[in-house]
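The following report describes strand pairing, helix packing and charged side-chain pairs in one chain. Please consult the sequence and the structure alongside the text.

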Amino acid sequence: MINSPLMTVMVDAVRKAARGLKRDFGEVENLQVSRKGPGNFVSAADRKAEEVLREALMKARPGYGLVMEESGTIEGSDKSHTWHVDPLDGTTNFLHGIPHFAISVGLEREGQIVAGVVYDPIKDELFMAERGKGAYLNNRRLRVSGRTDLADALVAYGSPYLGRGSHPRLLREVAAVMAVTGGARRFGSAALDLAYVACGRNDLYWERDLQTWDIAAGVILVREAGGFVSNADGGAEPMVARSVACGNEVLHRELVAILKKANAAA
């Protein structure tokens, strides 16, 4: 467990936001399944959670800037610190009553992610990491999977939404990965996909066409759990490229090579 003042601020904020999300999730099954009804409901739940997070973080660290999914960017007087906030990562799961979504908050300091919290309110799983202090799930120290054989590896991936990203590229990549690994899964929450790599549930994960709030917290979780994180093409900065590939050192290297080969043949 990490008991620093910074982590206390982040954990308190996500727990406050989670109370409303859990209550709203309980109402999802009562909604009429139409574009207008559930969509508006989930947007309202998203905005309410983000408002709670914004107020808590700004109160605790009033000078820090924020980059948020719903409200956009808020410039702070402290230009060296920025929160990256996703109040509801896994919106489609939430909308359909699937209990797999999370709140994600990452802190960037002078261009580097230094702390992250991913909280799954339904399972009450709190993933946290701070630079140099390790990664934890509730009170348990995390390490990435030690598997080194792709044939045994479980790989998570993300797919682009309608009108965003390249579906042909994804199909090439998934076909190439499925041909040599133990299994591939699409779970629907980038923050939890990264957290699951950090705790060894997923051996590998990759996704493209992301936003910084999707991955900021998860990137430091994986790194502090001993994993390797790059963008999906093997470059150093997933936050800049808006894509991610991660796993332990051996499997991460092999995953990036598979993705490169799949796209080189296109």
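A salt bridge is taken here as a side-chain nitrogen of Lys or Arg within 4 Å of a carboxyl oxygen of Asp or Glu. The model is predicted, so local features need pLDDT of at least 70 and side-chain atom pairs count only at pLDDT 80 or more, while totals for chains, interfaces and linings use all residues. Residues are numbered from 1 along each chain as its sequence is written, and side-chain values use heavy atoms, with hydrogens and water left out.

**Salt bridges**

Side chains of opposite charge can pair when their charged atoms come close. By the rule above, the count comes to 10 salt bridges. Three of them are listed here.

| Pair | N to O distance |
|---|---|
| Arg15 and Asp124 | 3.6 Å |
| Lys79 and Glu75 | 3.9 Å |
| Arg169 and Asp209 | 3.8 Å |

Asp124 pairs with Arg15. Because Asp124 lies in the loop between β5 and β6 and Arg15 in helix α1, this salt bridge ties together parts that are 109 residues apart in sequence. Helices (H or I, at least four residues) and strands (E, at least two) are DSSP runs, numbered from the N terminus. For accessibility, buried means under 20% relative accessible area, exposed over 50%, and partly exposed in between (1.4 Å probe, protein chains only). Asp124, at 40% relative accessibility, counts as partly exposed, as does Arg15 at 33%. Lys79 and Glu75, by contrast, are both exposed.

The salt bridge between Arg169 and Asp209 links distant parts of the chain, with Arg169 in helix α4 (residues 167-178) and Asp209 in the loop between β11 and α6, 40 residues apart. Arg169 has 23% relative accessibility and counts as partly exposed; Asp209, at 25%, is also partly exposed. In addition, a network of salt bridges links Glu173, Arg208 and Asp233.

**The eight-stranded sheet and its helices**

Strands of a sheet pair through backbone hydrogen bonds, either parallel or antiparallel. Two strands are counted as paired if DSSP finds at least two bridges between them. An open sheet of 8 strands has the order β2-β1-β3-β4-β5-β6-β7-β8, with mixed pairing. The edges are held by β2 (72-74) and β8 (140-141), each with a single partner strand, so one side of each is left without a neighbour in the sheet. At the β8 edge, β7 (residues 134-137) pairs with β8 in the antiparallel sense over 2 bridges, and Leu137 stands opposite Arg140.

Helix α1 (residues 5-28) lies across β3 (78-89), β4 (102-109), β5 (112-120) and β6 (125-130), at about 35° to β5. Helix α6 (residues 212-224) also packs on the sheet, touching β1, β3, β4, β5, β6 and β7, and its direction makes about 100° with that of β5. Contact means heavy atoms within 4.5 Å; axes are lines fitted to C-alpha atoms, for helices over the stretch in contact, and angles run from 0 to 180 degrees between N-to-C directions.

**Strand β13 and its partners**

Strand β13 (residues 244-247) has Val244 and Cys246 pointing one way and Ala245 and Gly247 the other, and all are buried. It pairs in the antiparallel sense with β11 (residues 204-207) over 4 bridges, where Tyr205 stands opposite Cys246. Strand β12 (residues 228-230) also pairs with β13 in the antiparallel sense, over 3 bridges, and Ser230 has Ala245 as its bridge partner.

**Gly63**

Gly63 lies in the loop between α2 (36-60) and β1 (64-68). Its relative accessibility is 16%, so Gly63 counts as buried. Leaving aside residues up to four places away in sequence, Gly63 touches Gly76, Ser77 and Asp78. The C-alpha atoms of Gly63 and Asp78 are 4.9 Å apart, although 15 residues separate the two in sequence.
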